[in-house]
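Trainee: Please take me closely through one part of this model, in a single connected account. Begin with whatever term I will need in order to follow you.

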2 protein chains.
Amino acid sequence: MSPREPLTRDRIIEAALHIVDGQGLGRLTMRRLGDALEVEAMAIYHHLPRGKEELLDGLVTHVGVLHADTRPLGADDWRDRIRSWAEAYRALLVDHAGVLPLLVTRRNPAALATTARSIAEVLRLAGFLESAAHSAARTLLAFLIGHAALEVRGRELATPEPVDWDRQFEESLEVLLSGMLTALL
Amino acid sequence: MSPREPLTRDRIIEAALHIVDGQGLGRLTMRRLGDALEVEAMAIYHHLPRGKEELLDGLVTHVGVLHADTRPLGADDWRDRIRSWAEAYRALLVDHAGVLPLLVTRRNPAALATTARSIAEVLRLAGFLESAAHSAARTLLAFLIGHAALEVRGRELATPEPVDWDRQFEESLEVLLSGMLTALL
DNA sequence: ACCTGAACACCGTTCAAGT
DNA sequence: ACCTGAACACCGTTCAAGT
């Protein structure tokens, strides 16, 4: 028998995300997570003393970090930079739709604030004043979260006239960007 | 002893909303709900055969109906009409913040679609073309849901520079409205 | 230090039984 | 028709015990 890999906080959270992505948030239980890691559920508490609460907090943070890793940079126009930032964030939220309700619940209050600061930074570099950048960043983040929620729910709904969500996203984003521009003048 | 009021679907869902508003979604259990109604938990299944699933669906629908009842009407300018619609919806979501995660999860897929249609109707009456009205309605609804999530989470976060959420909401809404106007030209 | 086994309180739900 | 009581499978978590 090859000796099992040792349990770590990161391995636990990645396994949890895998369960959430594959089976949904409702099927993430400590016992099932233990099974996936080939360990008794109680072993998890050694690495996450606050138990499931800490696990869910960790999921939210982990998804935020994934975005920091993949976010594209370097476009010339600030609008292009915002566009690619927003598209990457949208893809992340839709890919990990199971964590969306966690973002909305009271866990890990700081995570969303961090993301908002990250958008504000892009806007500040683009020439927005400090306070306008923060306000616009919150506007954009609110839209991105809400749109992901709408899109995920809308995609599983069979309507007579199906929605083109890619197009919807682009259109909404243009509305936001031109509105932000107007607010600057 | 006065004979107990008979159990009805509506009484059950109202009691459930009361628990969610007062103690949070996590404390809504069938047994606690039974206690609040002075009935055994199992009695609830007679009125909601699909059990807790149906109860949570009912909560989402019920909050949507609350909005239909309270929504203000009759302003002259379409922007004013959208503004008051949006403000009422925002107040509703923040007042019943506990149901927000339910809106985002896979239950009751039709509820959000109904709300989107209701916004689209306001826009259509304001002179938007059919397809533009639906697109803009989804943009607005996405923003409203996301903003409620951000606001609820942000309010419980003690930051050095606290956010004025009323002002943030107004500013964001103006960005959206002027962006929607630009898209029409 | 890291993991296990048994136990506890609580959950949603089924089902036969009462009125 | 409407509600209850007992039971079942499953939760999260504690804690003493093993290595």
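Mentor: A polar contact is a pair of N or O atoms that lie within 3.5 Å of each other. Keep in mind as well that this is a predicted model. The part I have chosen is the protein surface that faces the DNA, and I will take the two strands in turn.

We can start with DNA strand C, which has 18 residues around it, and A:E40, A:H47, B:R31, B:Y45 and B:K52 are the ones that come nearest. Of the atoms of strand C that come within 4 Å of the protein, 53% belong to sugar and phosphate. One pair of atoms shows how the term is used: a polar atom in the side chain of A:H47 is found 2.7 Å from a phosphate oxygen of DNA strand C. That distance is within 3.5 Å, so the pair meets the cut-off for a polar contact. Not every pair of this kind uses the side chain, for A:E40 brings a backbone N or O atom to 2.7 Å from a phosphate oxygen of strand C. Chain B takes part too, since an N or O atom in the side chain of B:R32 is 3.1 Å from a phosphate oxygen of this strand.

It helps to ask next where in the fold these residues come from. For the surface near DNA strand C, at least two residues each are supplied by helix 3 (44-47) of chain A and by helix 2 (30-36) of chain B. Helix 2 of chain B has the largest share, which amounts to 3 residues. Sorted by class, the surface near strand C holds 8 nonpolar, 4 polar and 6 charged residues.

Now turn to DNA strand D. It is surrounded by 18 residues, and the closest of them are A:R31, A:Y45, A:K52, B:E40 and B:H47. Among the atoms of strand D that lie within 4 Å of the protein, sugar and phosphate make up 52%. Here one pair involves a base, because a polar atom in the side chain of A:R31 lies 2.5 Å from a base nitrogen of DNA strand D, and this is within the 3.5 Å that a polar contact allows. Other pairs involve phosphate: the side chain of A:Y45 has an N or O atom 2.8 Å from a phosphate oxygen of strand D, while from chain B a backbone N or O atom of B:E40 is placed 2.7 Å from a phosphate oxygen of strand D.

Three helices each give at least two residues to the surface near strand D, namely helix 2 (30-36) and helix 4 (51-70) of chain A and helix 3 (44-47) of chain B. The one that gives the most is helix 2 of chain A, with 3 residues. As for the chemical classes, the surface near strand D divides into 8 nonpolar residues, 4 polar ones and 6 charged ones.

Since helix 2 and helix 3 have come up in both chains, the loop that joins them also deserves a careful look. In chain A, the loop between helix 2 and helix 3 contains A:E38. The phi angle of A:E38 is positive, at about 55 degrees, although this residue is not a glycine. A:E38 has a relative accessible area of 60%, and because a value over 50% counts as exposed, we call this residue exposed. In chain B, the residue to find is B:E38, placed in the loop between helix 2 and helix 3 of that chain. Its phi is also positive, near 55 degrees, and B:E38 is again a residue other than glycine. With a relative accessible area of 58%, B:E38 is exposed as well. These areas were computed on the protein chains only, so the DNA is not included in them.

To put the picture together as you turn the model, begin at strand C with A:H47 and its phosphate oxygen at 2.7 Å, and follow helix 2 of chain B, which gives that surface its largest share. Then move to strand D, where A:R31 comes to 2.5 Å from a base nitrogen and helix 2 of chain A gives the most residues. Finally, look along each chain to the loop between helix 2 and helix 3, where you will find A:E38 in chain A and B:E38 in chain B.

Definitions and conventions:
Residues are numbered from 1 along each chain as its sequence is written. Chains are lettered from A and ligands numbered from 1 in the order in which they are written. This is a predicted model: local features need pLDDT of at least 70, side-chain atom pairs count only at pLDDT 80 or more; totals for chains, interfaces and linings use all residues. Side-chain values use heavy atoms; hydrogens and water are left out. A residue is near a molecule or strand if one of its heavy atoms lies within 4 Å of it. A polar contact is a pair of N or O atoms within 3.5 Å; within protein, one must be able to donate a hydrogen and the other to accept it, and residues adjacent in sequence count only if both atoms are side-chain atoms. Helices (H or I, at least four residues) and strands (E, at least two) are DSSP runs, numbered from the N terminus. Ala, Val, Leu, Ile, Met, Phe, Trp, Tyr, Cys and Pro count as nonpolar, Asp, Glu, Lys and Arg as charged, and the others, Gly among them, as polar. Buried means under 20% relative accessible area, exposed over 50%, partly exposed in between (1.4 Å probe, protein chains only).
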